Amino acid sequence: MIQTAIRALTLNIYNVCDDMVYQFVTTPPASKYFSDLVSSLREKCRHLDAVVHYTEEECTNQKSKEIFLETDKIIDDLYYFKDILFVGESRLCRVVTQNLLSLLIFPLLLPLLQLGENKGSYNISAVTSLYIVSRLLQVVGGKHLTNAVAGLLLYHYITLSQKDATNGDTSGSTGNVNAFLRLLNDTNIKVHCGPEAEGAEDVNINYVLEHLNEHASSNSHFEGSPGDDYVYIERVGIFAYLFSDNHSVSLASLYLLLILAESEDLEHFPASLVGISRSQDLMNNSDSAFPTVNGSILVRLMPQIFKALLKVLASQPPVSPPIQWHTGWFFRKLMQCQGNMLHDDNVHLFNTSYEQSCECLQKELDGCWFDHIPDTIGHEWASCKEALEEQSQSKDPLFTLELEICQQTMDDSSSSYFAWQRMVDAVKVFILHLQLKAFIFLGNLPEKPSLKSWSNSDSGKTYNTDISSASFGSEVSLGSGIPCRIAFSYAGVRDIYLIAVARGISGKLILAEKHPFRSQRGVVIAIAPLAGLSPKIDEDHPTWLHLRIREFDPKFITAKGRQSAVSDPAADGRWTLGFPSAKACETARLLILEEVCKQRSLVESILAPLFHDDYLGNKLDG
């Protein structure tokens with residue numbers, strides 16, 4: 001509250017429009033306030049990086065919350081800087097921009113690009129550095145900051161283009177290059193000797209960039225020019241991270257390039273190097289494919305980028321669902337640039353990935369939530385489509401940090417809570433591949449899935465209405481029931497009848513106690529879903545049947561259909577039924593499995609159209 005009040009007061013002062021006020025706040029000692037602000041922001045970035053890479057804590061909801069809180073503090077500071085720049089006073093803008101560049105952006109990016117190290121001057125990892133710069137461009141932006149970052153990331157190629165134009169290669173425009181370099185020449189930054197150095201001197205930004213270029217040129221790996229061979233680009237600066245084995249780093253670097261490419265503040269020449277036109281009409285049309293620019297580095301690297309993304313999707317064992325989803329988002333985004341054209345080897349990689357997603361979903365048909373798969377596909381389809389169509393500028397780069405912490409072993413617990421998570425993840429990955437497949441071959445994303453309609457008569461066998469609609473305390477017929485016994489902690493041993501019934505995609509296991517006055521009727525004392533029972537006969541007691549009991553509907557699903565975080569999910573229920581003989585116990589087990597099989601068969605028939613090879617052909621014909 002105190003910080004908010006102070007910042008509101010300072011913004012009121014900055015908006016006074018008094019020359020003496022601006023002269024005072026932008027010169028020492030008052031101007032130290034801005035460097036202190038950036039230094040404080042830098043410390044928050046270091047703390048965020050420490051939280052992300054705290055190895056003793058696994059990928060948990062609590063760790064995700066901590067990262068969210070830390071990033072929220074950073075974003076709050078960025079919006080404060082944006083408010084200061086929005087005042088529009090040139091001296092105020094200059095001092096803020098210089099401090100952000102010299103104390104934050106350049107120390108984060110320059111060592112990564114110059115030395116190829118994993119961490120920058122302030123011991124902040126590559127993925128966190130890329131996240132911070134992406135978020136800063138999203139929130140603060142501005143012509144000077146955006147083009148300074150672009151100049152740092154692309155300077156080696158800018159100077160090569162200038163050299164090619166000087167040597168008579170018309171593919172580059174000397175005028176455009178020189179105009180951009182003059183723009184950078186207007187930006188001065190303070191260069192410190194180290195993270196804790198007190199002294200600093202004003203130098204031109206081009207001085208720093210030329211130093212970076214000399215380092216790149218002196219490295220034998222970087223010999224050559226864009227006109228000779230673009231394969232070398234994979235090993236230079238930001239483009240080296242595109243092909244990193246660390247998925248979070250590769251996606252974070254690609255995202256930063258997309259942010260730059262789509263920025264309205266980026267000058268025409270650097271925009272042409274990252275391959276997206278500045279055409280306002282096309283920028284305003286979110287459904288249009290992004291136009292490409294001849295000579296763009298991204299365009300020339302696109303086959304390798306597509307291959308790298310598809311290798312992530314088709315990797316074995318499969319990477320985590322969040323990584324697959326964000327990789328799919330990038331894949332579709334870049335497909336728009338290429339006009340939905342893929343080489344044969346990339347099509348093969350995608351088909352491999354698609355088949356893996358089908359296999360993962362089919363495995364869930366043996367899981368304890370298979371009866372919820374059709375509904376889950378219907379519920380998730382629209383949100384998945386919306387996520388794929390999300391615009392770069394509105395996409396939160398926080399996903400790069402979440403991927404970094406979740407590249408750990410997923411929980412393989414057999415509890416129904418984690419089984420539900422795995423089922424939903426499998427459904428989302430399958431939907432991702434269905435929608436990408438439609439986009440590749442049809443050029444659009446389907447509005448809804450083609451699921452087969454069903455009715456209760458599809459289950460083949462009919463049951464008395466009282467059984468299929470039975471609830472606790474209701475009466476049911478005992479005609480198909482198997483007598484057994486169960487012990488309750490609060491009611492002792494009770495003689496009951498086991499009734500298993502599947503109707504449509506729902507199924508129930510009913511435990512009924514004989515009615516005291518009607519011999520062929522029973523009163524329901526317990527009900528459980530058929531799916532997930534996993535009936536097993538006790539090895540030492542062949543007349544005992546063990547059942548695992550899950551909820552009919554997951555209680556961790558909110559009213560809006562979204563999964564809520566549960567730090568300590570409840571354990572599944574367990575029932576043990578006793579039968580008069582081993583044969584009766586086996587009969588009960590087979591009856592349960594038979595009804596579960598009928599239930600699963602109907603679910604499979606509903607999903608069948610989605611698994612057919614002619615699925616897209618049918619949609620095209622329709």
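Here is a quick tour of a predicted model, from the whole chain down to a few individual residues.

**The chain as a whole**

We're dealing with 622 residues, and 50% of them count as buried. The secondary structure comes to 22 helices and ten strands. If you take the contacts in the chain with a separation of 6 or more, 70% of them come from residues 24 or more positions apart. About 29,400 Å² of the chain is exposed, with carbon and sulfur atoms supplying 51% of that area.

**How far to trust it**

Average pLDDT is 79 for the chain, and 73% of the residues score at least 70. Confidence bottoms out in helix α13 (residues 280–283), where the mean is 36, and peaks in strand β8 (residues 536–537), at 95. Over residues 219–231 the pLDDT is below 50, though the model still gives this stretch 21 contacts beyond near neighbours in sequence. Residues 277–293 also stay under 50, with 34 contacts beyond four places in sequence. Where pLDDT is low, don't read the predicted coordinates in detail.

**Nonpolar cores**

The largest nonpolar core holds 164 residues, and Phe 239, Phe 579 and Ile 592 have the most contacts inside it. Helix α5 (residues 90–115) gives this core its largest share, 14 residues. What does Ile 592 touch, leaving aside its neighbours within four places in sequence? Its partners are Leu 498, Ala 500, Leu 509, Leu 530, Leu 533, Pro 535, Leu 545 and Leu 547. There is also a second, separate core of nine residues, with Ala 470, Val 476, Leu 478 and Val 501 among them.

**A helix on the inside**

Helix α18 (residues 398–405) has seven of its eight residues buried, so the rest of the structure largely encloses it. The buried ones are Leu 398, Phe 399, Thr 400, Leu 401, Leu 403, Glu 404 and Ile 405.

**Three residues side by side**

Now for some single positions. Leu 9 lies in helix α1 (residues 2–14), Val 51 is found in helix α3 (residues 32–52), and Ser 134 has its place in helix α6 (residues 126–139). Their accessibilities look like this:

| Residue | Relative accessible area | Class |
|---|---|---|
| Leu 9 | 51% | exposed |
| Val 51 | 11% | buried |
| Ser 134 | 1% | buried |

Why does Leu 9 count as exposed? The cut-off is over 50% relative accessible area, and Leu 9 is at 51%. Together with Ile 13 and Val 16, Leu 9 forms a nonpolar patch on the surface, and the three have about 260 Å² of accessible area together.

Val 51 counts as buried because its relative accessible area is 11%, and the limit for that class is under 20%. Not counting residues up to four places away in sequence, Val 51 touches Lys 63, Glu 66, Ile 67 and Glu 70. Take Glu 66: it sits 15 residues from Val 51 along the chain, and the two C-alpha atoms are separated by 7.5 Å.

Ser 134 is buried too, at 1% relative accessibility. Which residues does Ser 134 touch, not counting those up to four places away in sequence? They are Ala 252, Tyr 255, Leu 256 and Pro 397.

Definitions and conventions: Residues numbered from 1 in each chain as written. Predicted model: local features only at pLDDT ≥ 70, side-chain atom pairs only at ≥ 80, totals over all residues. Heavy atoms only, no water. Patch = residues over 30% accessible without salt bridge, like charges linked within 9 Å, V, L, I, M, F, W, Y side chains within 5 Å. Areas by Shrake-Rupley, 256 points an atom, 1.4 Å probe, with all protein chains shown as cover. Salt bridge = Lys/Arg side-chain N within 4 Å of Asp/Glu carboxyl O. Helix = DSSP H or I, 4+ residues; strand = E, 2+ residues; numbered from the N terminus. Buried < 20%, exposed > 50% of the residue type's maximum accessible area, 1.4 Å probe, protein only. Contact = heavy atoms within 4.5 Å. Core = buried A, V, L, I, M, F, W, Y, C linked by side-chain atoms within 4.5 Å. pLDDT = per-residue confidence, 0-100.
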